[in-house]
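Got your viewer open? Here is a short tour, stop by stop, telling you what to select next and what is there.

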Amino acid sequence: MIAGLLLLALGVFALASPWRAYVKMVHYAGAVLLLNGTLLIAVSYTSHSSLRERHWILVESLMDLFFGVILLFNPLLSFIAFPIFIGYWMIGKGMLKTIAAIRLARFIRGWALACLAGILSVAFGVLVIYNPLERSDAITLFVGAFALVMGGLYIFDSLRFRKMTDTVNMMF
């Protein structure tokens, strides 16, 4: 629920003030991805999810840590190439979620929603990378729309899966 609300807030901010949102996203994206990667590692070792799910969570956390380090420790490059980094991160996460959802379909409930989230991530990543306008405010609008959609999906999942163990099983 918290992740969904944060994504919704990011989406509203990005749509309301694209240029300011771009600057803020470049500034904080690396730290957020490092934090998310660290939390996913903690979740993978503390949850009671199956070994199959734990491997997918670890792969996702390594992807977040990798992109977080790139964005955090090279601010000038991050400002210039932010759409490329975020676009490839979205595509990578989307492909990982889609593959994991399909492979774990018989083990988890709600796998179709996770698969949909993965497909949407890939679509938004492609839009960010191949944006015909190639302006930071237009790219921020794509990221804002992505945040609204994903935030809505996360909130829907949190309402649908009330118990913590069910929610952890959907996070992979």
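## Stop 1: a residue on the outside

Start by selecting Leu76, which you'll find in helix H4. Keep in mind as you click around that this is a predicted model.

Is Leu76 buried or exposed? Leu76 has a relative accessible area of 61%, and because anything over 50% counts as exposed, Leu76 is exposed.

Now add Trp19, Val23, Phe79 and Ile80 to your selection: together with Leu76 they make a nonpolar surface patch of about 510 Å². Which helices supply at least two residues each to the patch? They are H2, running over 18-46, and H4, running over 75-103. H4 gives the most, with 3 residues.

## Stop 2: how the helices pack

Show H2 and H4 as cartoons and look at how they cross. Their axes come within 10 Å, at an angle of roughly 55°. That makes H2 oblique to H4. The way H2 passes H4 is a left-handed crossing.

Next, hide H2 and bring up helix H5, residues 111-129. H4 and H5 have axes 7 Å apart and pack at an angle of about 160°. Angles over 145 degrees count as roughly antiparallel, and H4 and H5 are therefore roughly antiparallel to each other. Here too you get a left-handed crossing, with H4 passing H5.

## Stop 3: a residue on the inside

While H5 is on screen, pick out Ala114, which lies in that helix. Ala114 has a relative accessible area of 7%, so it is buried; the cut-off for buried is under 20%.

Try a distance next, from the C-alpha of Ala114 to the C-alpha of Leu153. You should get 9.0 Å in space, for two residues that sit 39 apart in sequence.

## Stop 4: a network of charges

How many salt bridges does a search of the whole structure find? It finds 3, and you can visit them one by one.

- **Lys93 and Glu60.** Show both side chains and you'll see them meet in a salt bridge, 2.5 Å from N to O. The pair links distant parts of the chain, since Lys93 is in helix H4 and Glu60 in helix H3 (residues 51-72), 33 residues apart. Lys93 is buried, at 8% relative accessible area, and Glu60 counts as buried too, at 4%.
- **Glu60 and Lys97.** Keep Glu60 selected and add Lys97: their side chains meet in a salt bridge as well, 3.8 Å from N to O. Glu60 lies in H3 and Lys97 in H4, so this pair ties together parts that are 37 residues apart in sequence. Both Glu60 and Lys97 are buried.
- **Asp64 and Lys93.** Go back to Lys93 and add Asp64, which forms a salt bridge with Lys93; the closest N and O atoms are 3.0 Å apart. Asp64 is in H3 and Lys93 in H4, so here the parts tied together are 29 residues apart in sequence. Both Asp64 and Lys93 are buried.

For a last view, show Glu60, Asp64, Lys93 and Lys97 together. Why treat these four residues as one group? Salt bridges that share partners join Glu60, Asp64, Lys93 and Lys97 into one network.

Key: Residues are numbered from 1 along each chain as its sequence is written. This is a predicted model: local features need pLDDT of at least 70, side-chain atom pairs count only at pLDDT 80 or more; totals for chains, interfaces and linings use all residues. Side-chain values use heavy atoms; hydrogens and water are left out. Patches are made of residues with over 30% relative accessible area and no salt bridge: like charges are joined within 9 Å, nonpolar side chains (Val, Leu, Ile, Met, Phe, Trp, Tyr) within 5 Å. Accessible areas come from the Shrake-Rupley method with a 1.4 Å probe; for residues, only the protein chains shown count as cover. Helices (H or I, at least four residues) and strands (E, at least two) are DSSP runs, numbered from the N terminus. Buried means under 20% relative accessible area, exposed over 50%, partly exposed in between (1.4 Å probe, protein chains only). Axes are lines fitted to C-alpha atoms, for helices over the stretch in contact, and angles run from 0 to 180 degrees between N-to-C directions. Angles under 35 degrees count as roughly parallel, over 145 as roughly antiparallel, 65 to 115 as roughly perpendicular and the rest as oblique. A crossing is left-handed if the near helix is turned anticlockwise from the far one by less than a right angle, and right-handed if clockwise.
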